[in-house]
Amino acid sequence: MKIVAIAGGKGGTGKTFVALNLAYLALSRGYRTLFIDADVDNPSASAVLKPSIDRSEDVATFVPSIDSSRCRGCAKCVSMCPEHALVALPTGRILVIEDLCSGCSLCRLVCPFNAIAERKRVEGWIRVGSWNGMDVVVGELAVGSRKDAIVIKKLMDYASSIWSSHRYDYVFIDSPPGTGAKLYPIAKASKIVVVVTEPTPLGVSDLRKFFEFLESINFVGKIVVVLNKRGLSDRLEDEVRSIARSRNIPLIEIPYSRRVAECFASREIYVRRYGEDAIGEALKKLFDYVESM
Ligand code: SF4
Ligand code: SF4
């Protein structure tokens, strides 16, 4: 089984476009495929696929609820909270700053007066379904929640329980933009990372940052860079090529075309409609490359 993350530091480079087309090519070649939409803040791959959903689970976190009738104001919870999410007010009351709370429940464990009750807060959902014979798992962040890293971690735990009990040839993960805590569980689980970038100043600088991230977590899998939207800037395209060459990482180039955005807007998968043009051929070349890795 090949677990392939489609990632890249910057948003809007075409990660979802690449992920959907790779999954479609795997499916059309008869491979058993699982698609994970981990871009929880904006699960646009599932908006394109519109999978039929069989089940849905809440991703809930613990939030402390202080019982003022029991609390003695000792502030032990405040001093032990690793996230500084609890504040002792001059009145003796304990204030919970929910956005800072990680849900570790340590405060509840250390309170000597049993004054902290458990409250669950729904941060998002994991939905499981299928599309044209491909299994699909989607993570979705609740409106207003900032716990994307927690939702992604739970999503990956859930998805790994699915792929360890089924026989898939390919697992494709459409990753969120950025790096850090939210990308860590995805990169850790993946054997191959397809890093998608574009020839813009931010695309180039985020590509460098993305490699620094992979190095910081000692990523030992294989990497391929996709230079998407080729044709926008000769100079920046050369920079992307030189970054990949200096690390001895293979590079696949996909030319720019307005057709890609039009296809995406009409919820079409590019290779299904235009499999024979230069973009379709580049996507097939990328899949062939991943298949050979
Ligand atoms: S540890 Fe318990 S009793 Fe002490 S301040 Fe916190 S909630 Fe109140
Ligand atoms: S659950 Fe953890 S992070 Fe949240 S307030 Fe309690 S100790 Fe702090």
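Which residues of E7 are buried on one side and which on the other? In this predicted model, Met 134, Val 136, Val 138 and Glu 140 are buried on one face of the strand, and Asp 135, Val 137, Gly 139 and Leu 141 are buried on the other. Strand E7 spans residues 134–141, and 8 of its 8 residues are buried.

The pairing of E7 was examined next. Strand E2 (residues 33–37) runs parallel to E7 and is joined to E7 by 4 bridges. Within this pair, Asp 37 has Val 138 of E7 as its bridge partner. Strand E6 (residues 116–131) runs antiparallel to E7, and 8 bridges join the two. Here Gly 124 stands opposite Leu 141. E6 and E7 form a hairpin with 2 residues between the strands, in which Asn 132 adopts a positive phi near 50 degrees.

A further parallel pair is made by strand E9 (residues 192–197) and strand E10, joined by 6 bridges. In this pair Val 194 has Val 224 of E10 as its bridge partner. Strand E10 covers residues 222–230; 7 of its 9 residues are buried, so E10 is largely enclosed by the rest of the structure.

For the chain as a whole, the model contains 11 helices and 11 strands. The C-alpha atoms fill a box of roughly 70 × 45 × 35 Å along the principal axes. Of the 293 residues, 41% count as buried. Among contacts with a separation of 6 or more, 77% are between residues 24 or more positions apart.

The chain is divided into two domains: domain 1 comprises residues 2–56 + 127–292, and domain 2 comprises residues 68–114. The centres of domain 1 and domain 2, taken over C-alpha atoms, are separated by 40 Å.

The largest nonpolar core has 71 residues, of which Val 4, Ile 6, Leu 22, Ala 23, Phe 172, Val 195 and Val 226 touch the most other members. Helix H1 (residues 15–28) gives the most to this core, contributing 10 residues. For Ala 23, the contacts beyond its neighbours within four places in sequence are Thr 33, Phe 35, Met 134 and Phe 172. Of these contacts, Met 134 is one of the buried residues of E7 described above. A second core, separate from the largest one, has 10 residues, including Cys 101, Cys 107, Cys 111 and Ala 115.

Two ligand shells were then considered. Ligand 1 is surrounded by 13 residues, the closest being Cys 71, Cys 74, Lys 76, Cys 77 and Cys 111. Of these closest residues, Cys 111 is also a member of the second core. By class, the shell around ligand 1 holds 10 nonpolar, 1 polar and 2 charged residues.

Ligand 2 is likewise surrounded by 13 residues, and its closest are Cys 81, Cys 101, Cys 104, Leu 106 and Cys 107. Strand E3 (52–66) and helix H4 (106–110) are the elements that give two or more residues to this shell. The shell around ligand 2 is made up of 9 nonpolar, 3 polar and 1 charged residues. Cys 101 and Cys 107, listed among the closest residues to ligand 2, also belong to the second core.

Methods: Residues numbered from 1 in each chain as written. Chains lettered and ligands numbered in written order. Predicted model: local features only at pLDDT ≥ 70, side-chain atom pairs only at ≥ 80, totals over all residues. Core = buried A, V, L, I, M, F, W, Y, C linked by C-beta atoms within 7 Å. Buried ≥ 20, exposed ≤ 12 C-beta atoms within 10 Å, placed from the backbone. Contact = placed C-beta atoms within 7 Å. Near = placed C-beta within 6 Å. Nonpolar A, V, L, I, M, F, W, Y, C, P; charged D, E, K, R; others polar. Domains from an automatic or database assignment. Pairing = 2+ DSSP bridges.
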